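Trainee: I should like to request a close look at a single part of this structure. Please treat the metal site and the elements around it in one connected account.

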Amino acid sequence: MEGMHLVSREYKPEDTVVTVGEVRIGGGHRAYIAGPCSVEDEGQIMEIARLIQGRAHILRGGAFKPRTSPYSFQGLGEEGLRLLVQAGRAFGLPVVTEVLSEEEVERVAEQVDMLQIGARNMQNYALLKKVGAQKKPVLLKRGLAATIEELLLAAEYILAAGNPQVVLCERGIRTFSGSLTRNTLDLSAVPILKQLTHLPVIVDPSHGTGRWNLVEPLAKAALAVGADGVMIEVHTHPQEALSDGPQSLKPERFRALAAELDALAEFLDGRSRGGANG
Ligand code: PEP
Ligand code: MN
């Protein structure tokens, strides 16, 4: 990246704080985003929202799903969006959902608190310009094989189009991890990004690993390396989930993890202020 970019620390030294509903991310504010991979039906999303509220800050749920196979569940579309918004309202949680195409951006932006650009669309420049031209904050996920510079330049498209409210998300990249993990979570990206950009950075250990029993250790590691939050998939019945069950935590496990993350965050903040020993 040559020259001065809007995303760079040189351009703006102080941390950007992104506001989602009333939740702040960045500048010392950490946020936990949780919810199912896909909104499946009214009972599912209402139950998950009920069980994570108080511990999660933002509710996630896919309505328009970017599935690798065209024969996999594609999401409930408009109906999923409606159910997600209803669940968020019922339990006082702002909501984030993915947009797949330019045509749906305006309609979705009217209803949700944050728009997600998925890994598969990180370099969909028309879509980046479109979300840059609206007013809701954007969660931009790193592409499956994207470099850190490419992620920053994707964010630059959104800022250059007029929207400064962007949160970056490390969600794992393709390596030769074989079948034991779905992706390789690149935690080194977090401190590198924090050095290069003022934008908040969160980590998604669910897609980053593909396995629910790796989510807890990597969520903790994410905060330890300086992430401004995590995004975690939660499902009441992971075995029956229509997408990403194997990487989904049950709500009670999510709640326990969130409590541990709070304690870890307190420890880290104490240290950054010099701690008990000054
Ligand atoms: C998601 O978070 O719903 C998702 C599809 O993740 P990714 O774009 O990182 O694969
Ligand atoms: Mn998923």
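Mentor: What follows is an account of the manganese site, followed by the elements that surround it and by the packing of the helices.

The model is a predicted one, and the account should be read with that in mind. The manganese ion is ligand 2, and its protein donors are C37 through SG, H207 through NE2, E233 through OE and D244 through OD. These donors lie 2.0 to 2.4 Å from the ion. Along the sequence, the donor residues follow the spacing C-x169-H-x25-E-x10-D. The pair C37 and E233 links distant parts of the chain, with their positions 196 residues apart in the numbering. C37 sits in the loop between strand 3 (31-35) and helix 1 (42-52), whereas E233 belongs to strand 10 (residues 229-233). Both C37 and E233 are buried.

The donor D244 deserves separate attention. D244 is placed in the loop between strand 10 and helix 9. With a relative accessible area of 16%, D244 is buried, because the cut-off for that class is under 20%. Apart from residues up to four places away in sequence, D244 touches C37, R182, H207 and E233. Its side chain also makes a polar contact of 3.1 Å with the side chain of Q247.

Q247 continues the picture around the donors. Q247 likewise has its place in the loop between strand 10 and helix 9. Its relative accessible area is 2%, and Q247 is therefore buried. In addition to the contact with D244, the side chain of Q247 is joined to that of H207 by a polar contact of 3.3 Å. Q247 thus has side-chain polar contacts with two donors of the ion, D244 and H207. Once neighbours within four places in sequence are set aside, the residues in contact with Q247 are R182, S206, H207, G210, R211, W212, V215 and E233. R182 is in contact with Q247 and also touches D244.

V215, one of the contacts of Q247, leads to helix 8 (residues 212-224), where V215, A219, A222 and L223 are the buried residues. These buried residues pack against strand 3, strand 9 (201-203), helix 7 (205-209), strand 10 and helix 9 (251-272). Strand 10 carries the donor E233, and strand 3 is one of the elements that flank the loop of C37. After helix 8 comes G226, which has a positive phi, near 105°.

The loop of C37 also leads, on its other side, to helix 1, and from there a series of helix pairs can be followed. The axes of helix 1 and helix 2 come within 9 Å and cross at roughly 30°. Helix 1 and helix 2 are therefore roughly parallel to each other, and their crossing is right-handed. In this pair, E42, I45, M46 and A49 of helix 1 meet L83, L84, Q86, A87 and A90 of helix 2.

Helix 2 (residues 78-90) then packs with helix 3 at an angle of about 20°, the axes being 10 Å apart. These two helices are therefore roughly parallel, and helix 2 passes helix 3 in a right-handed crossing. E78, L81 and V85 of helix 2 meet R107, V108 and Q111 of helix 3.

Helix 3 (residues 102-111) packs in turn with helix 4 (residues 125-132), at an angle of about 25° and with axes 9 Å apart. Helix 3 and helix 4 are therefore roughly parallel as well, and their crossing is right-handed. The residues that meet here are E102, V105 and E106 from helix 3 and A126, L127, K130 and V131 from helix 4.

Q111 offers a local view of helix 3, in which it is found. Its relative accessible area is 32%, and Q111 is therefore partly exposed. Leaving out residues up to four places away in sequence, Q111 touches E78, L81 and V85. Its side chain reaches the backbone oxygen of R107 at 3.2 Å. From C-alpha to C-alpha, Q111 and F254 are 26 Å apart in space, and they are 143 residues apart in sequence.

Notes:
Residues numbered from 1 in each chain as written. Chains lettered and ligands numbered in written order. Predicted model: local features only at pLDDT ≥ 70, side-chain atom pairs only at ≥ 80, totals over all residues. Heavy atoms only, no water. Donors = N, O, S within 2.8 Å, 3.2 Å for Na, K, Ca; no water. Helix = DSSP H or I, 4+ residues; strand = E, 2+ residues; numbered from the N terminus. Buried < 20%, exposed > 50% of the residue type's maximum accessible area, 1.4 Å probe, protein only. Contact = heavy atoms within 4.5 Å. Polar contact = N/O pair within 3.5 Å; in protein donor to acceptor, adjacent residues only side chain to side chain. Axes fitted to C-alpha atoms, helices over the stretch in contact; angles between N-to-C directions. Parallel < 35°, antiparallel > 145°, perpendicular 65-115°, else oblique. Left-handed = near helix turned anticlockwise from the far one by under 90°.
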